[in-house]
Amino acid sequence: MALVRVISSDGAAFLVSQRLAKRSGKLKTEIETFRKSSDNSEAQPEIRIVTIRAEILRLVLQWLQQHQNDPVLPANQNEQDGRGDAEMGQSQWDRDFLAPMDLGIVMELILAANHLEVKGLLDITCKLVESKITGRTVDEIRTAFKLKSDFKGNEEEQTRLENRWCVEN
Amino acid sequence: MESLNKMKRGKPFRSPKTTPILPPELWSHIFEFLGSEDLYPVTKTCVEWNELLEDNKNAFLLPVVLPSVMKYVKKNTILKFRTISSLTRNAVDKTLQSFSDSDDEDPFDRHCSHYEESSSKRYLRSVASSISCSYMFTLSDFGYLLDKVYPDLSVASSDVNPFLVRYISYFSDFRLGNDPHVLNILPKFGHHLLTLNCFIVGDSSTQPFHNIVAQLRLVPNIKRLWIRPQLWPRTPTDDELDLTGLSTTVYEFPALPKLVILDVRLVNSNVLLDTVVLAMLRHYSKQLICFTCDAKLFLLQELNVDVLNLMFPNVKKFHLLGKGSDFATGLEKLSNVSWPLERLHLEVHDGDQINPQNVISTISNFHENLEHLKVDCLLLPKQLEANNCNENEAEEKVVRKMSKLKIVRAKANILDSNLFCKFLKDNCPHLEELYIETSDILCRERGRWALDNLRNLEKVVLGSLKSLPVNFHTMRRPVPNETL
């Protein structure tokens with residue numbers, strides 16, 4: 001089985017099958033680039049992902065492993081928006097996978113899934129963040145994300161005013 | 001400081017081996033000066049810094065992930081993101097503005113490049129455009145939106161930008177006079193606008209044009225100006241225009257130093273072109289990078305090749321549209337101007353067929369810089385083409401090699417023209433992408449011809465933008481010796 005070494009920003013190396021790695025659009029491109037530039041077709045590709053740290057990379061690979069036999073979702077499957085996809089793809093395993101994570105990790109996963117082009121993972125993580133926001137008040141959102149308002153003076157009021165213009169009744 | 005508290009709780013922080021080595025609390029202090037974009041990379045640098053920043057990670061991660069998450073939420077929730085913090089507001093605004101209806105500097109991308117656009121991008125584009133539509137200034141249907149916020153605006157400071165995507169549409173309607181809201185709002189907030197989209201409603205007066213010209217001084221920072229007569233009930237003919245005072249009007253155009261995009265595509269009355277539009281061009285044409293007009297403009301005697309060259313020294317993107325019968329003169333003049341065009345879009349809106357020879361000489365006139373071409377018209381079919389060629393053989397022009405042309409979009413019909421196919425094959429050696437507008441996307445024959453004959457072509461996209469969802473099929477050259 002052809003393998004590939006994927007190295008995180010903090011230097012941890014993961015040895016995975018190329019078949020698995022290729023389910024990430026980014027890794028697929030990287031493997032192909034490596035192939036083209038290498039004389040020896042048997043050489044084991046080594047890919048350094050400078051934007052993802054080990055803890056997050058492990059989670060992405062774990063998710064890929066679980067979903068390795070899913071059909072690959074085309075980028076433009078849904079007509080108007082991507083909202084339907086997440087529900088379709090979310091299994092009990094996914095829910096258990098995400099349940100113990102705090103929001104910081106989920107957000108790092110979003111960035112990683114985006115960077116590595118793993119649509120299914122991007123869908124479920126974004127959906128999770130969305131669920132923490134839709135239907136909540138601004139203060140509840142700030143609490144959930146441990147955020148403080150950094151608006152100065154009447155900026156917050158002005159922002160609401162701008163919004164009022166565009167919100168549908 | 002959060003990190004110090006933690007240390008007291010007995011969980012020691014370590015510092016990475018930097019030169020010089022600083023204690024964690026100093027790093028923590030330094031990080032307080034960094035913004036979201038800078039802090040996120042810090043967490044990935046090493047385990048130690050990631051631990052150090054653990055506590056306020058959410059605060060700087062949220063703005064960074066918002067552009068991804070926005071694709072999954074409804075418009076009102078996107079707007080709610082704006083009220084969480086100034087960082088999230090800036091992230092949302094930046095994303096929306098990049099998808100705003102005005103499409104950065106490229107008015108024709110909206111219509112032609114989205115075959116392969118992902119559903120999420122299309123969704124955000126629709127949100128941005130729905131927000132733009134909220135800023136529709138008219139006394140009729142949309143007036144209530146303005147009434148809703150106007151009381152607040154009248155007390156707001158003029159430094160506040162009330163226009164979310166810095167874009168408004170404004171109806172100048174001669175029947176109703178000027179919208180009083182506009183007259184109140186533009187003087188105070190007009191300087192925030194980047195795009196002004198003027199609809200001219202009216203059937204027998206040139207007054208709306210006067211109004212628009214008079215109001216340009218209220219929007220000194222605009223980059224894009226669209227002026228379009230409202231097609232309802234229809235555009236007035238010259239006979240119907242009330243020309244009282246028109247010939248004696250002296251327009252006072254303000255300086256609009258940032259104006260680079262002008263779109264007067266639907267102004268197709270000879271009288272208006274000859275007066276208002278020409279006066280406007282005399283004032284602003286030299287600064288334009290992007291220009292869209294009706295082919296009738298080129299029928300004006302005054303606009304000969306020399307004048308056109310003087311007028312548009314900087315135009316990089318040009319979109320010509322109109323009736324087929326008006327096109328010949330336009331193409332003739334275009335094939336002799338020396339404009340630094342990078343993008344050209346020719347669009348005939350009736351079914352008239354154009355002589356491919358004329359189209360080719362126009363295109364090849366821009367051989368040095370042209371990168372992107374869209375031919376939205378039908379070309380004469382083969383049989384007629386042959387006849388025309390014989391007639392024109394004597395004055396056959398030298399067709400030059402296109403040194404930069406990479407992308408061509410066209411109706412399927414152009415690949416039925418021998419002349420055009422020959423032009424693509426012999427004169428466009430750098431062509432990489434070919435987009436064919438066709439309702440029959442399974443008709444691969446044309447795509448196969450292109451891949452077989454055009455050396456550097458990477459892909460052919462057969463698609464139809466008329467159907468929703470956008471339906472397309474991409475054909476690529478098979479990669480030789482692909483290993484599994």
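## T362(B) in helix α16

T362(B) sits in helix α16 of chain B, which covers residues 356-365. The model is predicted. Is T362(B) buried or exposed? T362(B) has a relative accessible area of 0%, so it counts as buried, the cut-off being under 20%.

Which residues touch T362(B), once neighbours within four places in sequence are set aside? The contacts are L331(B), L334(B), S335(B) and L344(B).

## Chain B as a whole

Chain B has 484 residues, and 54% of them are buried. Its secondary structure comprises 19 helices and 15 strands.

Consider the contacts in chain B between residues at least 6 apart in sequence. Of these, 79% link residues at least 24 apart. The exposed area of chain B is about 21,600 Å². Carbon and sulfur atoms account for 52% of that area.

## Strand β6 of chain B

Strand β6(B) spans residues 290-294. How many of its 5 residues are buried? The count is 5 of 5, and the strand is mostly covered. Both faces are covered. On one side lie C290(B), T292(B) and D294(B). On the other lie F291(B) and C293(B).

β6(B) pairs with two strands described here. One is β5(B), residues 261-263, which runs parallel to β6(B) over 3 bridges. Within that pairing, L262(B) has F291(B) as its bridge partner. The other is β7(B), residues 317-322, also parallel to β6(B) and joined to it by 5 bridges. Here C293(B) stands opposite L320(B).

## The crossovers around β6(B)

Which helix joins β5(B) and β6(B) in a β-α-β unit? That helix is α13(B), residues 270-284, and the unit is right-handed. From β6(B) the chain passes through helix α14(B), residues 305-311, to reach β7(B). This β-α-β crossover is right-handed.

Put together, β6(B) takes part in a right-handed unit with β5(B) and α13(B), and in a right-handed crossover to β7(B) by way of α14(B).

## Chain A as a whole

Chain A has 169 residues, of which 46% are buried. It contains 9 helices and 3 strands. Along the sequence, the elements follow the order β-β-α-α-β-α-α-α-α-α-α-α.

For contacts in chain A with a separation of 6 or more, 63% are between residues 24 or more positions apart. Chain A exposes about 8,800 Å². Carbon and sulfur atoms supply 48% of this area.

## Helix α6 of chain A

Helix α6(A) runs over residues 103-116. Its 14 residues should span 20 Å at 1.5 Å a residue. The end C-alpha atoms are 20 Å apart, so the model agrees with the expected span.

Why is α6(A) described as largely enclosed by the rest of the structure? Because 12 of its 14 residues are buried. The buried set begins with L103(A), G104(A), I105(A), V106(A), M107(A) and E108(A). L109(A), I110(A), L111(A), A112(A), A113(A) and L116(A) complete it.

## The ends of α6(A)

What happens at the start of α6(A)? A side-chain oxygen of D102(A) comes within 3.0 Å of the backbone nitrogen of G104(A). G104(A) is itself among the buried residues of the helix.

After α6(A) comes E117(A). The phi of E117(A) is positive, near 55°.

Technical notes:
Residues numbered from 1 in each chain as written. Chains lettered and ligands numbered in written order. Predicted model: local features only at pLDDT ≥ 70, side-chain atom pairs only at ≥ 80, totals over all residues. Heavy atoms only, no water. Helix = DSSP H or I, 4+ residues; strand = E, 2+ residues; numbered from the N terminus. Buried < 20%, exposed > 50% of the residue type's maximum accessible area, 1.4 Å probe, protein only. Contact = heavy atoms within 4.5 Å. Areas by Shrake-Rupley, 256 points an atom, 1.4 Å probe, with all protein chains shown as cover. Expected span 1.5 Å × (residues − 1). Polar contact = N/O pair within 3.5 Å; in protein donor to acceptor, adjacent residues only side chain to side chain. Pairing = 2+ DSSP bridges. Right-handed = clockwise from strand over helix to strand, strands pointing away.
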